[in-house]
Amino acid sequence: MGKSTVYVCFSILLMFNIYSSCHSSSLYPRPSETRQIQELNGMWNFRADFSPNSDRGFTEKWFRFPLSKTGPVIPMPVPSSFNDITTDKKLRDFTGIVWYDREFYVSPDWQMKRVVLRIDSAHYASVVYVNGKPTLEHIGGHLPFEGEIATFLNFDKVNRITIAVNNTLTPYTLPPGTISHHKNDPRYPPGYSVQVLQFDFFNYAGIHRQVRLYTTPAVYINDITVTTLNIQETNAILKYAVKVGNATQGTTISVEVVNKEGMVLASSSGDSGNIETKAAHLWWPYTMNTTHYGYLYTLKIRGKGLDFPLIARDFNMLKWLGANCFRTSHYPYAEEIMDQADEQGIVVIDESPAVGLKMKVNFCKKNLEYHTRVMTELVSRDKNRPSVIAWSVANEPKSDTDYAADYFQHVINYTKGIDPTRPVTFVSSSDYDKDQVAKYTDFQCINRYYGWYQDTGHTETIATHLSYDLDHWYKVLQKPIMVTEYGADTVPGLHAEPSFVFTEDYQVEFLKQYHAVFDKYRTRFLVGEMVWNFADFMTDQSVTRVLGNKKGILTRQRQPKAAAYVLQTRYWSMINATTPVHDEL
Ligand code: GCB
């Protein structure tokens, strides 16, 4: 009997009985005169459900009691991915449902307030119980969700929160995956099945980001949207819209524009309108000012398993390199990372988790609906961020098909509809003459691996390939183009002269070939270059990956390989030079 690949039969959505319940959240919790925050981060109790269909927890209703009463538990930090915490291989590679719980108290003062539970990200689908009662459900691993929980809380005794998280990826999840079953195959252990991924990073899972309670008054601000209508020197006209929850007839809304020092610059009233303000400063990347043009350069950083020291280190390294942009490949990053991009002047192309849409079934109607819902969640989370200059709806889908064209025409137009102020793109790995989706984007991103996956070892072919490619893409599209990936796997410390694949010398030579071509095109229609990758990262096990993807210019510990110095010299010389004009745009 051979290997068979079938779609996961215990669909996560069925198992959790979640079809439509989704409480997306747009305003990040911030303490104020009227809002208090209580963190639920820290060590939780944890157990993976290793039963054959990973459904014992639900059939035995583990959420009714403390997890420690229904079986063994281990301590698990929240936020984190559970995979790399223990030395248990079975847990690292686990596919199915894991359970978390912990106890907490809330102040009796909160009894009169709205209490909201917010989970910034749990991968992939979650059901949340408070004191044994189902409270929240969410599908999707990279965006926040929240809900009111006051009615479930005890104010005079301890509370328990239990969260079940299923990391199974199916053809109907974003990103999609399949489960390969080898049931009744004597060459495999009984019941053997394995998660098959359609993308190139480890499917880290668990409660990745912060879990918090916060309070609001009974009448509260639910959402705010701010767009800049016009700016003349330092006079700006801002358009705003405020959504109020539980508004009553007597509810009034006052709006103030406040600068960083807390000084009120302008004010208005009403739930929407325009405000004119003086002393406005346009947000610029730290590498640019008004005399510079928008050429962007750089890379991807890590977005899973929220880690403040790592975030700080990454932004230090971005600035050390002189990089001014990143794409959130291939899923939305933590809000704390986005805050740093806003604060520190780093441009972001904000990408959805739609990576690896390769099979026809991934483009079905159900997925299309879900994909637009994810875009809504992403846009509502990040719409007010000055650093976000564009939305990327997907990375490397099968864009050379008519079904992808129909699907993405819809997703791209939908995204433009919910945010008419920003360009929308997707990242293509197709050829210029085969791609059927690029015609719908505002600018086009392409990933290219000449001298690596193609003509491996032959850096002398890079210049001709790349020039040919860029010329033809531009001829067809007549719009700005960005190379969002180019790179070579490099094991730190490996050297060979003349260069050889996987050595630091090869990565340096390889990148220099690309840069020579970019320099010819960046005064024309090429609007950005992003090396793949900022740092090495973990992937599934495969014969092409040596403990992960090694295309980082930094190691996974964020130390430079030789190529990092090549990029540092390049980026800083661009910062210090008079910036090119895009003649053809
Ligand atoms: C790609 C993918 C990225 C991979 C990269 C590689 O085209 O977008 O996720 O990691 O290639 O190194 O193969």
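A polar contact of 3.1 Å joins the side chains of His208 and Ser81, and I would like to start there, keeping in mind that what we have on the screen is a predicted model. If you look for His208 along the chain, you will find this residue in the loop between strand E14 and strand E15, the latter running over residues 211-216. Is His208 buried or exposed? With a relative accessible area of 1%, His208 is buried, because the cut-off for that word is a relative accessible area under 20%. To get a sense of distance, take Gly493 as a second point: His208 and Gly493 are 285 residues apart in sequence, and their C-alpha atoms are 32 Å apart in space.

Let us step back to Ile207, which lies in strand E14, residues 206-207. Ile207 counts as buried, since its relative accessibility is 0%. Here the chain brings two separated stretches into view, for Ile207 and Asn41 are 166 residues apart along the chain, while their C-alpha atoms are separated by 9.9 Å.

Now let us turn to the ligand. Which residues are the closest to it? There are 13 residues around the ligand, and the closest are Asp200, Glu396, Tyr453, Glu485 and Lys551. If we sort the residues of this shell by kind, four are nonpolar, four are polar and five are charged. Looking at single atoms, an N or O atom in the side chain of Asp200 is 2.4 Å from an oxygen atom of the ligand, and for the side chain of Glu396 the distance between an N or O atom and a ligand oxygen is 2.4 Å. Asn549 takes part as well, with a polar side-chain atom 2.8 Å from an oxygen atom of the ligand. The ligand on its own has 320 Å² of accessible area, and the protein covers 91% of that.

Please stay with Glu396 for a moment, and look at its backbone. Glu396 lies in the loop between strand E24, residues 388-395, and helix H8, residues 402-418, and its phi is near 45°, which is a positive value in a residue other than glycine. Leu547 is another residue to look at for this reason, as its phi is positive, about 50°, although Leu547 is not a glycine. You will find Leu547 in the loop between strand E28, residues 526-529, and helix H11, residues 562-576. Leu547 counts as exposed, because its relative accessibility is 68% and the cut-off for exposed is over 50%.

The next topic is the second largest pocket, which holds about 940 Å³ of space. The lining of this pocket is made of 29 residues, and those closest to its centre are Asp93, Phe94, Thr95, Ser193 and Val194. Which element gives the largest share of the lining? The answer is E13, with four residues, and at least two residues each come from helix H4 (89-92), strand E12 (177-181) and strand E13 (193-197). Sorted by kind, the lining has ten nonpolar, twelve polar and seven charged residues.

Phe94, one of the residues closest to the centre of that pocket, leads us on to Asn167, as a polar atom of the side chain of Asn167 lies 2.8 Å from the backbone oxygen of Phe94. Asn167 sits in the loop between strand E11, residues 159-166, and E12, and with a relative accessible area of 3% this asparagine is buried. Pro175 also has its place in the loop between E11 and E12, and a cis peptide bond, with omega about 0°, joins Leu174 to Pro175. A cis peptide bond joins Val78 and Pro79 too, and there omega is about 0°; Pro79 lies in the loop between strand E4, residues 74-78, and H4.

Finally, let us look at helix H6. Why can we say that H6 is largely enclosed by the rest of the structure? The helix runs over residues 335-344, and seven of its ten residues are buried, so we can describe H6 as largely enclosed. The buried residues of H6 are Glu335, Glu336, Ile337, Met338, Asp339, Ala341 and Asp342. As you follow the chain out of the helix, H6 is followed by Gly345, a residue whose phi is positive, near 75°.

Notes: Residues numbered from 1 in each chain as written. Predicted model: local features only at pLDDT ≥ 70, side-chain atom pairs only at ≥ 80, totals over all residues. Heavy atoms only, no water. Buried < 20%, exposed > 50% of the residue type's maximum accessible area, 1.4 Å probe, protein only. 1 Å grid on protein atoms, 1.4 Å probe; cavity = no way out; pocket = protein on both sides within 12 Å on 5 of 7 lines; lining within 4 Å. Points joined across faces, edges and corners; volume = space filled by probe spheres on them. Nonpolar A, V, L, I, M, F, W, Y, C, P; charged D, E, K, R; others polar. Near = heavy atom within 4 Å. Polar contact = N/O pair within 3.5 Å; in protein donor to acceptor, adjacent residues only side chain to side chain. Areas by Shrake-Rupley, 256 points an atom, 1.4 Å probe, with all protein chains shown as cover.
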